[in-house]
Amino acid sequence: MKHHAKLTLSTFLCSTLLAGTALAQDTHPATGEPLAEDQTFTYRVGDEHSSVDPQVVEDTIGAEIVRDLFEGLMNQDAQGKLIPGVATDYDVSDDTKTYTFHLRDNAKWSNGDPVTAGDFVFAWRRAASPELASPYQWYVKLMSLENASEIVAGEMPPEELGVTAIDDHTLEVRLSQPLSYFPQMTTHSTTFPAPQKVVEEFGEEWTKPENIVSNGAYVLTEHLPNERSVRERNEMYWDNDNTIIDKTVALVINDENVALTRFMAGELDRTEVPAGQFPRLKKEHPEEAISFPRLCNYYYTFNQSDTGPEAFKDVRVRQALSLAVDRKIITQNIKAGGEPEAYTFTPEAVAGFTPPQTEMSEMSQTERDAKAKELLAEAGYGPDNPLTFDMIYNTDESHEKIAVVLSQMWKQKLGVVPNLANMEWKVFLETRGNQDFDLARGAWCGDYNEASTFLDLLDSESGYNDGKYSNPRVDELLVEAKSASDTTPIYTEIEQILAEETPVIPIYHYAGVYMMDSDVGNWPVENVEQNWYSKDLYKIAE
Amino acid sequence: MISYVIRRLLVAVPTIMLLVIAAFFMMHFAPGGPFTSERPLPPEVLANIEARYGLDQPLWKQLWDYFTNIFLHFDFGPSFRYKDRDVNDIIAQGFPISLTYGSLAFLAASIVGIALGIAAAIRHNTWLDYFAVSLGIAAQALPNFIMGPILILTFTLWLGLLPGGGWNGGQWEYLIMPVIALSTSYMGNIARITRSSMLEVMNSNFIRTARAKGLPERTIIWRHAMKPTLLPVVSYLGPVFVYVLTGSVFVDIYFSTGGLGQSYVSSALTRDYAVLLGITILYGALTVVVNLLTDLAYAWFDPKIRY
């Protein structure tokens, strides 16, 4: 089988129109929009990034920077579809266990050295090695590379990892199980190449701006911790001629309201909209306030383990509590950023996912409330015997508002008495992870654009299944999905089961809610994973 | 006096070590660890990470290694969260920033506060007094987490005069708002303490004697009233000095200054043990030194005190 990852229309236009010529920076080659003289993109980040070492970075903020500095085998386009990165195309064996990536011969590091298959081998072994002890070793295991688990466990040397440089431009990857979506996984920062010479020369200091060598469209030129980091055009990048943004600046601004003020003062091109402010901003700045679906969910989980309350083992109680939640009040009055109401665990925006038609999704809220009362009465709870339980959430203004609203809804509609408790983040995680709760807040963002990234959380064996929900049929379907050619009906069936058994109360799905300067071109709103690359953006002249 | 100073400094070392030990155990007994996350790590990955940072050792051994690294290599350990930097880097980068805006804020608060307090006391029950008192109360009632956003709104958004945040190597236009935000509430307190202290001194017997001798009011205030007036102010200024020097988490958060205050708070929240301990040692050492300086200053302000 031969796969040729296809070029997007804009890349195609760029490369044909501009082949061999330096970009004149007057108009955008594909859209014809006039380009601004100053091609600097400045955006707000809420916290200092953890690292810019591709094998070590573990936060979204860091991954955004790493995606600009380094380039992996594959990239994503504005819709999240796979496009060539360092690899131009790949072959896959019939059993989908061996992939052969063909690397372009013009890819260079920022010091002029060629990017070779050996750089990937070095990086992947590094990511798996107990010596580096990267928190993302789990990702190497997830990739199902041959011997990955043994290497992580220290039973085999990293050299045994199932990745080989056949020659400088051919990389062979061997997997321990068939994985049809393996190429998608190479857009993740853990798989990006690392410059062996530089890493060995400088050790842990190699990511400092004065030492770092990278192969992406940008190089790190400045890093002032807790203040800013700056990345500038990498002249050595193979597609430098088609890159328009010269410089990207990430400003660390912890407080989102201050960030919004600074956006209004023109210091930022992009910032997050604080909860509840979107309707006002949309009215005042219709061009700049944007909202689009994201791959994250927000839910409350019932503790169904042995330590959980007896009441939550009764499906009628779980259903009653879920039915009585008026999600519209939360999405429209508290979040107010265009978040979709959630009736399934998996967000609707996930590729290849069709939510099931459930009884609940077709009822009006009044009908739901009536049904909830009925179910709770059937379960034996009423004015004489009110249901009481503790609900926990981590300390945060927005979580607090939602918890209060939920408890009020339950109290008023069902006469239930929930006791609210907020906890500092790490205490909360520990409490929830030890099943020391009745009802707990949860949220999850997908690692990749596929329903299993969410539904795996409800596998009985999953380490993330804090409510200890267990249904053999769900486990079975999840295994089936790994090798199925059409997963859509499987995921729909799982959601159908979840709707009936209600192990969690889905509340809403996230939206990316931003203030984006109207002169920023090509922000990938349709990329639900929000994997954006500065090289694809541009600034329009005002 | 020199032997007194040496004695105080020698006592400081075990004091700080005790502080570190207390902080160390409190930290380890707090629920959750540096690698507790929403995505629990597989046990073998966690084991690798803990082995790398020595967290798999018994606590006493970790503490012992921590102290030996400090005394032998002056190495305060790694950051678990910011993997590109270690504690030495974090302090070397953040402390000069906190020190700069902190000392400026301290100077501003002391000079303006003391001047206001004295003016109010000398012109007791006049419009100047009322003005100084209300200004002092207003400054005190506006804590810096309210001052921060108000300043940014006014000077950055409405007037467009100052950058909304950042440090930029400490250029003056980046310094103005942090210094104002940090100094106002102390300024109010200093003014209030100075005023009441001055009023008390001006009513005391030796001032009456000075007046009876026919000394001019100026001499009375500057030569006789000043030192005793400042004594309670100095004991207030000591702790304030440490507090502002070590940076303010609010200033760092609102103005993205990159100072140590924010690192300190976030290290506690993320259980970044070595960062938390390193900054604790720094704060502890500063407190000891400043307390000593304050005690020495007493001797100058009050001749009755001798060491």
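**Close-ups of a predicted two-chain model**

**Figure 1. Helices α4(B) and α9(B) pack at about 150°.** In this predicted model, helix α4 (residues 87–122) of chain B sits against α9(B), and their axes are 11 Å apart. Angles over 145 degrees count as roughly antiparallel, and therefore α4(B) and α9(B) get that label. The crossing here is right-handed. On the α4(B) side, look for Ser98(B), Leu99(B), Gly102(B), Ser103(B), Ala105(B), Phe106(B), Ser110(B), Ile114(B) and Ile122(B). Facing them from α9(B) are Ile221(B), Val233(B), Leu237(B), Val240(B), Phe241(B), Val244(B) and Leu245(B). Sorted by type, the contact residues come out as 12 nonpolar, 4 polar and no charged.

**Figure 2. Helix α9(B) again, now with α7(B) as its partner.** Helix α7 (residues 172–202) of chain B and helix α9 (residues 217–245) of chain B meet at an angle of about 160°, with 8 Å between their axes. That angle makes α7(B) roughly antiparallel to α9(B). This pair, too, has a right-handed crossing. From α7(B), the contact draws on Leu182(B), Tyr186(B), Asn189(B), Ile190(B), Ile193(B), Thr194(B), Ser197(B), Met198(B), Val201(B) and Met202(B). Helix α9(B) answers with Ala225(B), Pro228(B), Thr229(B), Pro232(B), Val233(B), Tyr236(B), Val240(B) and Val244(B). The tally is 14 nonpolar, 4 polar and no charged. Val233(B), Val240(B) and Val244(B) take part here and also in the contact with α4(B).

**Figure 3. Helix α12(B) and its buried residues.** Helix α12 covers residues 273–301 of chain B, 29 residues in total. From first C-alpha to last, α12(B) reaches 41 Å, close to the 42 Å expected at 1.5 Å a residue. Buried along α12(B) are Tyr273(B), Ala274(B), Val275(B), Leu276(B), Leu277(B), Gly278(B), Ile279(B), Thr280(B), Leu282(B) and Thr287(B). Those buried residues pack against α1 (2–29), α4, α9 and α11 (260–269) of chain B, so α4 and α9 from the first view turn up once more.

**Figure 4. Chain B as a helical chain with 0 strands.** Zooming out a little, chain B has 12 helices, and reading along its sequence gives α after α. Its C-alpha trace spans about 85 × 55 × 30 Å along the principal axes. Of its 307 residues, 40% count as buried. Take the contacts in chain B with a separation of 6 or more: 72% of them come from residues 24 or more positions apart.

**Figure 5. Helix α18(A), with the residue that follows it.** Moving to chain A, helix α18 runs over residues 488–501, has 14 residues and reaches 20 Å end to end between C-alphas, close to the 20 Å expected. Its buried residues are Ile490(A), Tyr491(A), Ile494(A), Glu495(A), Leu498(A) and Ala499(A). How does that pattern arise? An α-helix has 3.6 residues a turn, so residues three or four places apart point the same way. The buried set packs against α12 (359–362), α16 (452–455) and α17 (472–483) of chain A. Right after the helix comes Thr502(A), with a positive phi near 45°.

**Figure 6. The contact between chains A and B.** Each chain brings 40 residues to this contact. On the chain A side, α4 (137–142), β11 (247–252), α8 (256–264) and α15 (425–433) each supply at least two residues. Helix α15(A) gives the most, with 6 residues. The chain A side divides into 20 nonpolar, 10 polar and 10 charged residues.

Methods. Residues numbered from 1 in each chain as written. Chains lettered and ligands numbered in written order. Predicted model: local features only at pLDDT ≥ 70, side-chain atom pairs only at ≥ 80, totals over all residues. Contact = placed C-beta atoms within 7 Å. Helix = DSSP H or I, 4+ residues; strand = E, 2+ residues; numbered from the N terminus. Nonpolar A, V, L, I, M, F, W, Y, C, P; charged D, E, K, R; others polar. Expected span 1.5 Å × (residues − 1). Buried ≥ 20, exposed ≤ 12 C-beta atoms within 10 Å, placed from the backbone. Axes fitted to C-alpha atoms, helices over the stretch in contact; angles between N-to-C directions. Parallel < 35°, antiparallel > 145°, perpendicular 65-115°, else oblique. Left-handed = near helix turned anticlockwise from the far one by under 90°.
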